[in-house]
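Q: I'm new to this structure and would like a close look at a single part. Could you walk me through one pair of packed helices and what surrounds them?

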Amino acid sequence: MTNGAIIVGAGPVGLMLAGELKLGGAEVAVYDRLPAPSGESRGVGFTRRAAEVFDQRGLLARFGDVEWAQGHFGGVRIDFSKLDDNHFSVRGVPQFRTEEILEGWLAELGVRVHRSHEVTGFRETEDSVVVSFEGPDGPGEAEARYLVGCDGARSVVRRTAGIDFPGWDATRGMYMADLVGAGVRQRPIGEQVPGGMVMAFNLENGVDRIVIHDEKLRPHEDKSQLTFEVVADAWERMTGESLHHAEVRWISAFTDTTRQASEYRRGRVFLVGDATHIHMLTGAQGMSVGVQDAVNLGWKLAAALRGTAPEGLLDTFQSERHPVGEQLMRNTRAQTRLYLTGEEMEPLRAVMRELVESPDVARHLAGQVSGLDVRYDVGASGHPLLGLRLSPDRELELAGGGRVRVAELLHAARGVLITTGDSTEAAELAEGWAGRVDVVTGTWVPDEKAAHQDPEALLVRPDGHIAWTAPDGGKLRDALELWFGQAD
């Protein structure tokens, strides 16, 4: 057996998970049926929390200068600038660019992506999973201790495992196209028009993306029969503008089918990303939640492969991420109805526009679309920060001199115990978890926008969520053992 884990699918989620496992000291291989990346991009950006996740691993800078965008909930604009926390998302980054960056990162880490390897099934043994595939040299098998399906909505891993995928069938359909030379008027968050909704925004270097919801569009239309003429005719019928002169880069169709896997784990098999949740494309939430799934699972699975995982750690992937998926289903279905229902929905949209002027409502809805509202049960209570993510932008003045951002402390994908000068006892205790938990001593740089007073000390998991605080966070030893196993 040469692999600790085999990941099926080399999209952004599978690639992110592979990097997490490698950083955690595990051997991993990635299998993908395509001979090369598709170059297609259903997603063209990512949410604030996904941006933070990339930042935690030193990857955000690789995207270069990015456009930070305001947000909306089902077409109802939310003024992020009025909120204490930074909810601004990244817009205009095609999915293929994200994949390029992540695959380059994996190459640096020494992780191989096995292209033209289509996984056809698997069988479990007492202590491993044996994966069957069709490769360039014919059929083959590979063995690993764990298998992770990052293979999308039609996941072979999910179907072979027999995991249910309940939800709601499609009720409406949409067209999408990337065009050059369209000269189209920009409609970045969409615009209601007679018969549906249209959206248009600049993607990159003069490429415009258009999205069309035509109320007459059949939700199960065969994409293989879709032509640009059909898309351009629909646009002209709904807006009065002609796109027939434009150069077409890519066209597609999709629906509002919404489903969530009943289990994210069954034995040695895990599901991540679109293999666990699909929904109407809304604000790049699907890919972004998938990336967060990967970062939640990666350090836990790596600990299990190293033999340091405490009992029950792998089960927390289901208990922590399945509720996030449920919330994703709720908010995308709500947004779809607000966004795509006709004139009869306008009274509710008007009420929503009034409600988002309230800071509490705006904060709640912003948290849903940005991913910053996720709080995990970390086994303790008493401090308002417990279970939330620690903002990667917070800064520390180090005891030895210099200043560091929290994001930089998480580049190694290990736990971090941040202490002040009054918490030397905590630092001494954490020495028993050296190699799994880094200890950093300093003082917090004042932040006027911080919603809560900074703790004297706190323990941050590799995914950036706070597992312990002092005071009011329980016993540090309990938290260390709960998330990082027994001391050496």
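A: Here is a short tour of one helix pair, followed by the core around it and a neighbouring helix. Please keep in mind that this is a predicted model.

Let's start with the pair. Two packed helices are described by the angle between their axes and the distance between the axes. Helix α1 covers residues 12–23 and helix α3 covers residues 95–109; they pack at an angle of about 25°, and their axes lie 9 Å apart. Since angles under 35 degrees count as roughly parallel, α1 is roughly parallel to α3. The crossing in which α1 passes α3 is left-handed.

Which residues meet in this contact? On the α1 side they are Pro12, Leu15, Met16, Ala18, Gly19, Glu20, Lys22 and Leu23. On the α3 side they are Gln95, Thr98, Glu99, Leu102, Glu103, Trp105, Leu106 and Leu109. Sorted by kind, the residues of this contact comprise nine nonpolar, three polar and four charged.

Now let's follow one of them, Met16, into the interior. In soluble globular proteins, nonpolar side chains tend to be buried together. Here the largest nonpolar core has 66 residues, and Met16, Phe46 and Leu301 are those with the most contacts inside it. Helix α6 (residues 285–306) gives this core its largest share, nine residues. Leaving aside residues up to four places away in sequence, Met16 touches Leu102 and Trp105, and also Val53, Phe54, Arg57, Leu59, Val291, Ala294 and Val295. A second core, separate from this one, has 40 residues, among them Ala426, Val460, Ala470 and Phe484.

Two of the residues that Met16 touches, Val53 and Phe54, bring us to helix α2, where they are among the buried residues. Helix α2 spans residues 48–56, and nine of its nine residues are buried, so the helix is largely enclosed by the rest of the structure. Besides Val53 and Phe54, the buried residues are Arg48, Arg49, Ala50, Ala51, Glu52, Asp55 and Gln56. Just after α2 comes Gly58, which has a positive phi of about 75°.

To finish, here is a glance at a loop further along the chain. Most residues other than glycine have a negative phi, and most peptide bonds are trans. Ala470, one of the residues of the second core, is joined to Pro471 by a cis peptide bond, with omega about 0°. Pro471 sits in the loop between β27 (466–470) and α12 (476–484). Asp472 is in the loop between β27 and α12 too, and its phi is positive, near 70°. Asp472 is partly exposed, with a relative accessible area of 49%.

How values were computed
Residues numbered from 1 in each chain as written. Predicted model: local features only at pLDDT ≥ 70, side-chain atom pairs only at ≥ 80, totals over all residues. Heavy atoms only, no water. Axes fitted to C-alpha atoms, helices over the stretch in contact; angles between N-to-C directions. Helix = DSSP H or I, 4+ residues; strand = E, 2+ residues; numbered from the N terminus. Parallel < 35°, antiparallel > 145°, perpendicular 65-115°, else oblique. Left-handed = near helix turned anticlockwise from the far one by under 90°. Contact = heavy atoms within 4.5 Å. Nonpolar A, V, L, I, M, F, W, Y, C, P; charged D, E, K, R; others polar. Core = buried A, V, L, I, M, F, W, Y, C linked by side-chain atoms within 4.5 Å. Buried < 20%, exposed > 50% of the residue type's maximum accessible area, 1.4 Å probe, protein only.
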